[in-house]
Amino acid sequence: MNPIRCDRTPAWEALNAMLNASGRVFDMRCAFTLDTHRFEAFSQSAPHVFADLSKNLIDCATEQLLFDLADQCRVAQHRDAMFAGEKINRTEQRAVLHWLLRTPSPVIANEVKQSMHPETMDCRAGRHCEERSFPLRHCEERSDAAIAVTLEPELAQVHATLDAMLAFAEMVRADEGITDIVNIGIGGSDLGPQMAVLALDEFVLPGKRFHFISNVDGHELSALLKRIQPQNTLFLIASKTFTTVETMTNVRSAKAWFEALGGTDIGCHFVALTTNVVAANAFGINTTFGFWDWVGGRYSVWSAIGLPLAIAIGGQRFRDFLAGAHDMDEHFRSAPLERNLPVRLALLDVWYRNFHGFTSRSIAPYHNALRRLPAYLQQLEMESNGKRVDMAGEALPYGTAPVLWGEPGTNGQHAYFQMLHQGTDRVPVEFVVVKKPKHNLPGHHRLLLANALAQAQALMQGRADASGHKDFPGNRPSTFLLLDELTPTSLGALIALQEHRVFVSGAIWGINSFDQWGVELGKVLAKDLEIRLANGDSTGLDGSTAGLLTCLRCP
Ligand code: F6P
């Protein structure tokens, strides 16, 4: 299927016309006054997530044009190609099947159908939740689409590995001698499991501590090695390729430390999570859990890379995490574009990036356990969609991935929210809010929720003040993503929602969201500079690099 470039579609032209006619002066406050049902029209339930999009710079006519854009860019066909196992990662000639990692095995699926959980009993295939069906229920699109027959062997391998990995996780959980689990990995081999272990801290087995070592900066590993003992430590070496220099350097140092302190049983204390089992074996690690080249690093938390999470929360809860994501997959796969949450979010992203010219999005998780969510989403969005050429390699005349950034609320309010309210740039804010807390400290959670609501309200409402300094312009967009509770299931759904949203904006921009050539050049140059730092040779270097090299070598 040939992608159709978004800027060559009639909808793109119509959206530009719309922006020039009324979009630039669109005022959400007037829109709410004129339409008392705006909240209902621009909010929706998706599995385990409720989304309020009504505080965005959009009306029904604009959203319709955005749906037309999705249609004309063949988003649905592109999505179906991914679910059919086509090699949509064209620059690497790979299929994109991370969603298969959370597809139930046919055997389990049948058993579930026969003993349906009461909560899902009243759900009908294809029936939509009532628009205001809150508290959240996952009653949309419950009938699972069949997977392509050609993917059945892959699905069988997925479940064989998952079963083995979860059995191993239970073994480690039961082993009281192992108190410290150290994940050594970087990028997707760090951010996903780290974010999820923190997010699900309430479910983590007492007596086990989890550590994530990613940086080649030895301060990180050396600080940890002072606090752990070889006999109580399990190292998980997470690397899709098993070649990443940071990870290999850290694992070599960890192994040397282990042996220096008398550790002998590498086989019991070092496990590899990788697609490159041969390299792991050559390294002396014999316990390995594999995955496949069709899982991108930033999409790999569902694979063996999720082992730290499985050890932390246990096999059943890890399956719940997968199940939440699968519910979102089914929603993405089967909901019409107009009620498809990943699609609606992505279309807003395109509207802001390409028509309003906004260059960033701030993530505001109002839950301390989600404090690594912004970092996780940075890789997901910016490594996937930070591209400047289309599928054919032709330079793009429009912007792609925005910059993502953020801190948990309410901390961000006392740092950079000043700029969000009164700065010269408009930055859409994504609030991620959890209705029910997991602690019982009185007063805190209501205050937290009130702050999230207040910030979104203030961004939109603003407040006029003649002095200028105290004037809030308002009409600043935000989205509310609301989880009933932060559980393995809802976290899985939230992450899959973000993955699919990135997929849709990438499809509209006509780029390959699944490669990452942009990280290669720096890696090559670092190799060369490491040698030059040792021998002092600066021949052929630019003036700045040569000067800095001299400074760094000065005693
Ligand atoms: O350098 C970028 C990258 O390739 C990411 O895409 C990936 O998640 C990370 O490095 C780690 O790679 P690996 O899992 O192969 O060590």
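**Group meeting: a ligand between two domains**

Let's start right at the ligand: the side chain of Thr244 has an N or O atom 2.5 Å from one of the ligand's oxygen atoms. The protein covers 88% of the 390 Å² of accessible area that this ligand has on its own. Before I go on, please keep in mind that what you see above is a predicted model.

Okay, who else is around the ligand? Thr241 puts a polar side-chain atom 2.6 Å from a ligand oxygen, and Ser239 has a side-chain N or O atom 2.6 Å from an oxygen of the ligand too. There are 14 residues around the ligand, and those that come nearest are Ser189, Ser239, Lys240, Thr241 and Thr244. And how does that shell divide into nonpolar, polar and charged residues? We get two nonpolar, nine polar and three charged.

Now zoom out a bit. Why does the ligand lie between domain 1 and domain 2? Well, domain 1 (6-104 + 324-517) gives residues to the shell, and domain 2 (149-316) does as well, so the ligand sits between them.

Let's walk into the strands. Take β3, residues 180-184: five of its five residues are buried. Asp180, Val182 and Ile184 are on one side, Ile181 and Asn183 are on the other, and both faces are covered. β3 pairs in the parallel sense with β4, residues 209-213, over five bridges. If you want one pair to look for on screen, find Ile184 and its bridge partner in β4, Ile213.

Next, have a look at β8, residues 360-366. Is this strand mostly covered or mostly uncovered? Mostly covered: seven of its seven residues are buried. One side carries Ser360, Ser362, Ala364 and Tyr366, while Arg361, Ile363 and Pro365 are on the other. The neighbour here is β9, residues 403-405, which runs parallel to β8 and is joined to it by three bridges. Ser362, for example, has Trp405 in β9 as its bridge partner.

Hold on to Ala364 for a second. Its C-alpha is 8.7 Å from the C-alpha of Ala452, although the two are 88 residues apart in sequence. Ala452 belongs to helix α19, residues 444-461, and its relative accessible area is 0%, so it counts as buried.

Here's a charged residue you might want to click on: Arg102. You'll find it in the loop between α5 (75-83) and α6 (106-114). Is Arg102 buried or exposed? Buried, with a relative accessible area of 2%. Its side chain makes a polar contact of 2.8 Å with the side chain of Glu499.

Last stop: the backbone oddities. Most residues other than glycine have a negative phi, and most peptide bonds are trans. With that in mind, look at Arg74, whose phi is positive, near 60°. Arg74 is in the loop between α4 (60-72) and α5, and at 29% relative accessible area it is partly exposed. Asn475 also has a positive phi, about 60°. That residue sits in the loop between α19 and β11 (478-483); Asn475 is buried, at 9%.

And where is the cis peptide bond? It joins Gly409 and Thr410, with omega about 10°. Thr410 is in the loop between β9 and α18 (417-422).

So, to wrap up, if you remember one thing, make it the ligand: domain 1 and domain 2 both give residues to its shell, so it lies between them.

Note on methods:
Residues numbered from 1 in each chain as written. Predicted model: local features only at pLDDT ≥ 70, side-chain atom pairs only at ≥ 80, totals over all residues. Heavy atoms only, no water. Near = heavy atom within 4 Å. Polar contact = N/O pair within 3.5 Å; in protein donor to acceptor, adjacent residues only side chain to side chain. Areas by Shrake-Rupley, 256 points an atom, 1.4 Å probe, with all protein chains shown as cover. Nonpolar A, V, L, I, M, F, W, Y, C, P; charged D, E, K, R; others polar. Domains from an automatic or database assignment. Buried < 20%, exposed > 50% of the residue type's maximum accessible area, 1.4 Å probe, protein only. Helix = DSSP H or I, 4+ residues; strand = E, 2+ residues; numbered from the N terminus. Pairing = 2+ DSSP bridges.
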